Amino acid sequence: MNHRLLGVAFVLCSTLLEAIGQLSLKSSATASDGSRRKFTWFAAGVGCLALEAVVWSCVLRLLEVSIAFPMSSLTFVVVTLLSALYLRERVNRQRWLGVGLILGGTAMVGLG
Amino acid sequence: MKAIHKVPLGVCIGLAFAIILDTAVQLCWKVAVSRVPDTDGVLEMVASLVRQPLFWGVIVMFLTQLANWIKVLGRADLSYAQPITSLSYISVCILSAFFLHEVVSWQQYAGIILILAGVWFISRGEHQTVGGTVE
């Protein structure tokens with residue numbers, strides 16, 4: 001299989017893991033200190049990030065870091081969306097515009 | 001300047017620290033993984049990886065990042081803090097060109113400018129829109 005294509009598939013996989021991990025860590029950070037909820041979310045977040053680390057190791061062997069790293073910016077779209085939906089953060093037009101520009105920029109860095 | 005004053009200094013420092021650690025992790029990880037010889041066995045590859053001091057350096061940086069990040073998230077929106085860490089894309093791109101001799105094209109530099117613009121838009125807004133830390 002094409003190395004580049006396989007690398008991209010791994011990038012998508014790690015993007016999803018990162019988004020779920022970040023949401024878990026945020027949930028942990030805002031839970032009250034010492035609560036069980038705080039620990040559970042923390043463990044879930046770290047678990048996702050650890051799994052992501054394994055997937056990312058595969059990515060780095062397949063792609064150049066200057067290409068692979070920017071591609072993971074898809075995470076910003078997923079995280080922003082989930083932050084609005086699940087954490088009820090007010091994502092205004094300015095934030096979306098920022099995410100859009102970052103996505104466009106990283107696409108250019110990735111494809112350049 | 002007004003926007004910068006609105007954001008607590010602790011959040012700014014936390015974000016800056018996160019970007020620096022992110023960059024260091026990416027570059028060290030790339031070097032560590034590249035040093036692993038191509039073999040069929042996954043176990044052999046893992047064994048070769050854990051023998052590298054650089055790998056353990058990456059682990060330590062990861063743990064530091066985790067502690068720092070939890071602190072940042074306690075005081076800022078996820079949809080605010082996370083996109084700002086995209087500044088590390090810029091430092092990784094430039095440093096990988098410099099240290100790893102990867103070629104950076106003019107399109108990539110144009111992309112870097114777009115990323116900067118995006119971060120600027122996000123950083124101008126509120127850093128926290130929901131309750132924050134529940135003590």
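**Exercise 1. The salt bridge between the chains**

Which residue of chain A forms a salt bridge with B:Asp77, and how far apart are the closest N and O atoms?

*Solution.* In this predicted model, the partner of B:Asp77 is A:Arg95, and the closest N and O atoms of the pair lie 2.9 Å apart. The cut-off for a salt bridge is 4 Å between a side-chain nitrogen of Lys or Arg and a carboxyl oxygen of Asp or Glu, so the pair qualifies. The count of salt bridges between chain A and chain B is one.

**Exercise 2. The interface as a whole**

Describe the interface of chain A and chain B, beginning with its contacts and ending with the make-up of the side that chain A contributes.

*Solution.* Begin with the residues: 50 of chain A are in contact with 53 of chain B. Next take the area, of which about 4,300 Å² is buried between the two chains, with carbon and sulfur atoms giving 66% of it. Then turn to the polar contacts, for which the rule finds 13 residue pairs across the interface, both residues of each pair being at pLDDT 80 or more. On the side of chain A that touches chain B, the elements giving two or more residues are α1 (3-30), α2 (36-62), α3 (65-71), α4 (74-86) and α5 (93-111) of chain A. The largest share of that side comes from α5(A), which gives twelve residues. Sorted by character, the residues of this side of chain A comprise 24 nonpolar, 17 polar and nine charged.

**Exercise 3. The form of chain B**

Why does chain B count as more spread out than a compact globule?

*Solution.* First establish the elements: chain B has seven helices and zero strands, and from the N terminus on they run α-α-α-α-α-α-α. The radius of gyration of chain B is 18 Å, whereas the globule rule gives 14 Å for 135 residues; the value is well over that of the rule, and chain B is therefore more spread out than a compact globule. The C-alpha trace of chain B spans about 55 × 45 × 20 Å along its principal axes. To complete the picture, 45% of the 135 residues of chain B count as buried, and among the contacts in chain B with a separation of 6 or more, 76% are between residues 24 or more positions apart.

**Exercise 4. The setting of A:Ser27**

Is A:Ser27 buried or exposed, and which residues is A:Ser27 in contact with once its neighbours within four places in sequence are left aside?

*Solution.* Locate the residue first: A:Ser27 lies in helix α1 of chain A. Its relative accessibility is 11%, and A:Ser27 therefore counts as buried, the cut-off being under 20%. With the neighbours within four places in sequence left aside, A:Ser27 is in contact with A:Trp41 and A:Leu87.

Conventions
Residues numbered from 1 in each chain as written. Chains lettered and ligands numbered in written order. Predicted model: local features only at pLDDT ≥ 70, side-chain atom pairs only at ≥ 80, totals over all residues. Heavy atoms only, no water. Contact = heavy atoms within 4.5 Å. Buried area = accessible area lost by both parts, 1.4 Å probe. Polar contact = N/O pair within 3.5 Å; in protein donor to acceptor, adjacent residues only side chain to side chain. Helix = DSSP H or I, 4+ residues; strand = E, 2+ residues; numbered from the N terminus. Nonpolar A, V, L, I, M, F, W, Y, C, P; charged D, E, K, R; others polar. Rg over C-alpha atoms; globule rule 2.2 N^0.38 Å. Buried < 20%, exposed > 50% of the residue type's maximum accessible area, 1.4 Å probe, protein only.
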